[in-house]
Amino acid sequence: MGTSLLYSFNALAELKITGKAEAEYIFQDVESEAEGQLSLDTLQVTPSINASLDTRTFRGFWSGSLTHLERDKVDNSRTDTFEEYTYSLVWQPFDSFLQIEGQGALSYQNTNANNYLVSDFLNNSDSLSKTRSNRISALANFDRGNWVHAQGGIAYADVASERSTLNSGQALDNNTIELFGGISNGDSIRRVFWQLDGTYINTDRAQNNNDEFITRTADGFIDIAVIKSFGIRLTAVHEANQVSDRDDTSSSTRKFNSYGMGLFYRQSEDRYIAVTANGSDSDLDEDDDETFIGLDFKWALSPRTNLSGSYGRRFYGEAASFDASYNSKYLRTSLSYSEDVTNTSRLLANPQNLGVFVCPAATISIADCFQPSSLTYQPDASEQLVQLTSQVIEFDDNIIIRKSTNFQAGYDFSRLTIALTSRYAEDDYLDLERLRRTYSLGTTLVYELGSYTNISTEVTYANITQRSDQADLNGETDNWRGNIAIQREIGRYLTAAIDFTYVDQSGDIATGVGLFGNNYSDRRISLSVIYKYQ
C-alpha cells in the first residue's frame with residue numbers, strides 16, 4: 001500500500017530539492033577620503049537550499065540561504081551572519097475560477113538611496129535593514145464569455161524591518177489591505193463595449209502614530225460604435241488619497257475626478273485607440289474645473305509585440321503610463337513607465353517585476369538562465385522570472401509621487417548572453433519640500449569559452465540627486481559597480497571561480513554615509529569554490 005501511495009504521489013506531484021554551498025576568500029583594497037588606505041581579508045561561507053512542489057493545482061517554491069563572514073583588517077576583526085529566504089506559491093483549487101497566491105521574503109535591504117549599488121554585506125552592511133515582507137491574495141474569476149467578464153479579489157500584506165545603524169528614518173511595521181475588481185462586456189457584444197475597474201488600498205502605518213494611508217480609485221468607459229470601427233467614448237475617473245489621524249494641520253486628502261467624451265477606433269480587444277476631451281473636479285483650486293485631452297490605447301503590433309498606454313491628468317497635474325514588450329526566439333525586451341502615489345511599505349510588499357530571463361532556483365550566473373518562449377510564459381515551481389536590477393527606495397515611508405521608468409532587454413544565442421538594464425525614478429514627497437531623482441544604467445555579458453568554462457562581466461552606474469529644504473539632504477552622488485569573473489565546472493557538482501570587482505562612490509550628500517565615507521573606491525579579488533546538489 002505504501003509503495004502504491006508513493007507511486008501515485010509521484011505521478012501527480014513533482015518535488016524537487018536542490019542546494020549549493022559556496023566558500024569564498026575575498027581580498028579588498030580600499031582607498032577612502034575619510035579612512036585612508038585599507039586592506040581587508042574576508043572568508044565568506046554561504047550554504048543555501050531550494051525546494052519546489054508542482055502539482056495539478058499547486059505550485060510552490062522556497063529558497064533559503066545563510067551567509068557567514070569572518071573579516072580581518074589592521075585594527076580589528078568582525079564576524080557577521082545574514083540569513084535570508086524567499087517563497088512563492090500559487091494554488092488553483094477550482095481551475096481558473098479561484099486562484100490563491102502568496103509571496104514573501106526575508107532580506108537585507110539598502111535603507112538609503114544614496115548608497116544604491118555600493119551597499120552589500122562587505123561594504124555598508126550597517127546601512128542594510130533586516131526586512132520581512134509577506135503578501136497573500138485571492139482572485140476570483142467570473143466568466144460568462146458571451147455576456148460579461150468579471151474578476152475581483154482581496155490581498156493582505158505586511159512589512160516589518162529593523163532600524164539600520166546608519167538609517168536616520170524609521171523602522172517599518174505596516175499592514176496593507178487591498179480590494180480590487182473589474183467587470184467588462186462579453187465576447188458576443190459587437191456595438192457597445194464597456195469596462196469598469198476599481199481598487200481600495202488601506203495601509204496601517206503603526207510606526208507613524210497609527211496613520212492610515214488610504215487610496216481609492218475607479219475608472220470606466222463606454223464605447224458605442226457608430227460607423228464600423230469608429231465610435232463615441234464616454235469616460236470617467238475617480239482618485240482619492242487620504243492620510244488619517246494626522247497630528248499636523250496640513251491637508252490630509254488629495255481627491256481628483258474627471259469625466260469626458262471623445263472618439264475611438266477599435267479593431268479588436270487588443271487593438272484600439274481613444275481620444276477624449278475631459279473636465280476635472282479637484283480639491284486643489286489650480287486643478288479644479290480644468291479641461292484637458294485624454295488618450296488611451298492598446299495595440300498589439302504582432303503576437304510578439306504589445307504596446308499600451310494612457311495620458312491625462314491627476315491631482316498633481318499631467319500623468320501618463322506606458323508599457324511595451326517584445327519577444328523573439330533570441331531577444332526579449334520590456335519597457336514600463338508608471339506614476340503612483342505610494343510609500344516604501346507598498347513598494348516592498350508588491351514589487352514590480354519586468355524580468356526577461358527565466359532562471360532555475362540554484363542559479364550561479366546568468367549563463368544558467370534562458371529566454372522564455374512567449375510574452376505570457378509562466379515559470380514552473382522550480383523557476384523564477386529574474387529582474388536584473390533592484391528598485392531604489394528610502395526607508396522613511398513618507399507618501400511620495402513616484403514617476404518611474406524600467407527597461408530590461410535580454411539576448412541569448414549560441415554561446416553569448418547579453419542583458420541591458422535602465423531605471424529612472426523621481427520621488428516627490430507630498431508632505432515635505434524634497435525631491436529625489438535616480439538614474440541607473442547597466443549591462444551584463446556572459447560568453448561560453450567552452451563546455452565547462454564561462455567568462456562574465458557586469459557594469460552598472462547610478463546617479464542620485466536630491467533637493468530638499470534640509471541642507472544635509474541636498475547633493476549628488478555617482479555610484480559605480482563592475483566585475484569580471486571566470487567560472488569553471490569541475491565535474492558534475494563542483495564549480496571554481498575567480499572574480500575581480502570594482503566599487504566606487506563619489507558625492508556630497510551628508511546623510512547615510514557608510515563605512516568608508518561617501519568618497520571611496522574598493523577593489524576586490526575573490527576566489528571561490530561552489531558545490532551544487534541537484
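In this predicted model, D270 is found in the loop that links two strands, β12 (253-268) and β13 (271-282). The relative accessibility of D270 is 35%, so this residue counts as partly exposed; the partly exposed class lies between the cut-offs of 20% for buried and 50% for exposed. D270 also has company at the surface: together with D143, D187 and E269, D270 forms a patch of negative charge. The numbering of these four residues shows that D143 and D187 come from other parts of the sequence than the pair E269 and D270, yet they gather in one patch.

A second residue, T421, offers a view of the interior. T421 belongs to strand β21, which runs over residues 416-429. With a relative accessible area of 8%, T421 is buried, because buried means under 20%. Which residues does T421 touch, leaving aside those up to four places away in sequence? The partners are L388, T389 and F407, along with Q408, S440, L441 and G442.

Turning to the chain as a whole, the secondary structure consists of 2 helices and 26 strands; β12, β13 and β21 are among the strands. The chain has 534 residues, and 44% of them are buried, T421 being one of the buried residues. Contacts often link distant parts of the sequence: of those between residues at least 6 apart, 57% join residues at least 24 apart. Finally, the accessible surface of the chain amounts to about 26,700 Å², and carbon and sulfur atoms account for 55% of that surface.

Notes: Residues numbered from 1 in each chain as written. Predicted model: local features only at pLDDT ≥ 70, side-chain atom pairs only at ≥ 80, totals over all residues. Heavy atoms only, no water. Patch = residues over 30% accessible without salt bridge, like charges linked within 9 Å, V, L, I, M, F, W, Y side chains within 5 Å. Areas by Shrake-Rupley, 256 points an atom, 1.4 Å probe, with all protein chains shown as cover. Salt bridge = Lys/Arg side-chain N within 4 Å of Asp/Glu carboxyl O. Lys, Arg positive; Asp, Glu negative; His and termini not counted. Charge placed at Lys NZ, Arg CZ, Asp CG, Glu CD. Helix = DSSP H or I, 4+ residues; strand = E, 2+ residues; numbered from the N terminus. Buried < 20%, exposed > 50% of the residue type's maximum accessible area, 1.4 Å probe, protein only. Contact = heavy atoms within 4.5 Å.
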